Amino acid sequence: MTLLPVFVGLVVGWVALRGLLAYPWLPGWAKACAVLAMPLAAVAWVAVMIADDPFLFPETAPCPREPMAEGVLGDGRVSGVSEPFPPRAYCVWEDGTTYDLAPGAAFVFWVSFAAVVVPLGLGLWHAVRNPKSLLR
């Protein structure tokens with residue numbers, strides 16, 4: 001039963017993409033921007049998800065294991081947290097202080113997500129209203 005929503009999502013996404021490409025009033029550059037924004041959204045999502053990982057240089061980790069100075073950012077131990085959707089990465093200290101990581105990548109994700117979802121919604125709307133246009 002887990003595969004059923006995935007399959008339905010893939011079919012709806014395929015129909016929306018076909019409808020987008022067959023949509024007559026949308027210029028070609030807008031279609032190209034929508035298609036090119038998909039990998040950009042994926043790269044921005046990955047950048048947000050790995051923002052709290054100290055895998056390369058642990059001594060310069062984005063969430064320092066020891067407090068920088070008493071009361072500057074937070075007190076106590078710190079840990080990095082990543083949330084997959086909506087994408088957010090932040091450091092949280094024992095006292096509840098949080099510090100956002102990669103806000104620029106999150107902004108790029110949301111802009112490219114909107115640049116993909118709006119045209120795909122138009123394509124799905126076109127495919128549902130005029131299914132014969134998909135037969136070209």
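Two strands count as paired when DSSP finds at least two bridges between them. The close-ups below come from a predicted model.

**View 1. The hairpin of β1 and β2.** Four residues link β1 to β2 in a hairpin. The two strands run antiparallel and are joined by six bridges. Across this pairing, V81 stands opposite Y90 of β2. The loop between β1 (78-83) and β2 (88-93) holds P86. The peptide bond between F85 and P86 is cis, with omega at about -5 degrees. Most peptide bonds are trans.

**View 2. The hairpin of β2 and β3.** Four bridges pair β2 with β3 in the antiparallel sense. One of the residues to find here is Y90, whose bridge partner in β3 is D100. Y90 also has V81 opposite. The hairpin has four residues between the strands, and G96 takes a positive phi there, near 95 degrees.

**View 3. The whole sheet.** The sheet is open and consists of three strands in the order β1-β2-β3, with antiparallel pairing. β1 and β3 each have a single partner strand and stand at the edges, so one side of each has no neighbour in the sheet. On average, neighbouring strands are turned by 25 degrees against each other, direction ignored. In a regular strand, side chains alternate between the two faces of the sheet.

**View 4. A102, between β3 and α3.** A102 lies in the loop between β3 (98-101) and α3 (103-129). Phi of A102 is positive, near 55 degrees, and the residue is not a glycine. Most residues other than glycine have a negative phi. With a relative accessibility of 26%, A102 is classed as partly exposed, since the partly exposed class lies between the limits of 20% and 50%.

**View 5. H126 and its surroundings.** H126 belongs to helix α3. Its relative accessible area is 8%, so H126 is buried, the limit for that class being under 20%. When neighbours within four places in sequence are left aside, the contacts of H126 are G19, A22, Y23, P24 and S133. Helix α1 spans residues 3-22.

**View 6. A nonpolar surface patch.** The residues M1, L4, F7, V8, V11 and V12 make up a nonpolar patch on the surface. Together they have about 620 Å² of accessible area. One of them, V11, sits in helix α1 (residues 3-22). V11 counts as partly exposed because its relative accessibility is 36%.

Note on methods: Residues numbered from 1 in each chain as written. Predicted model: local features only at pLDDT ≥ 70, side-chain atom pairs only at ≥ 80, totals over all residues. Heavy atoms only, no water. Buried < 20%, exposed > 50% of the residue type's maximum accessible area, 1.4 Å probe, protein only. Axes fitted to C-alpha atoms, helices over the stretch in contact; angles between N-to-C directions. Contact = heavy atoms within 4.5 Å. Patch = residues over 30% accessible without salt bridge, like charges linked within 9 Å, V, L, I, M, F, W, Y side chains within 5 Å. Areas by Shrake-Rupley, 256 points an atom, 1.4 Å probe, with all protein chains shown as cover. Salt bridge = Lys/Arg side-chain N within 4 Å of Asp/Glu carboxyl O.
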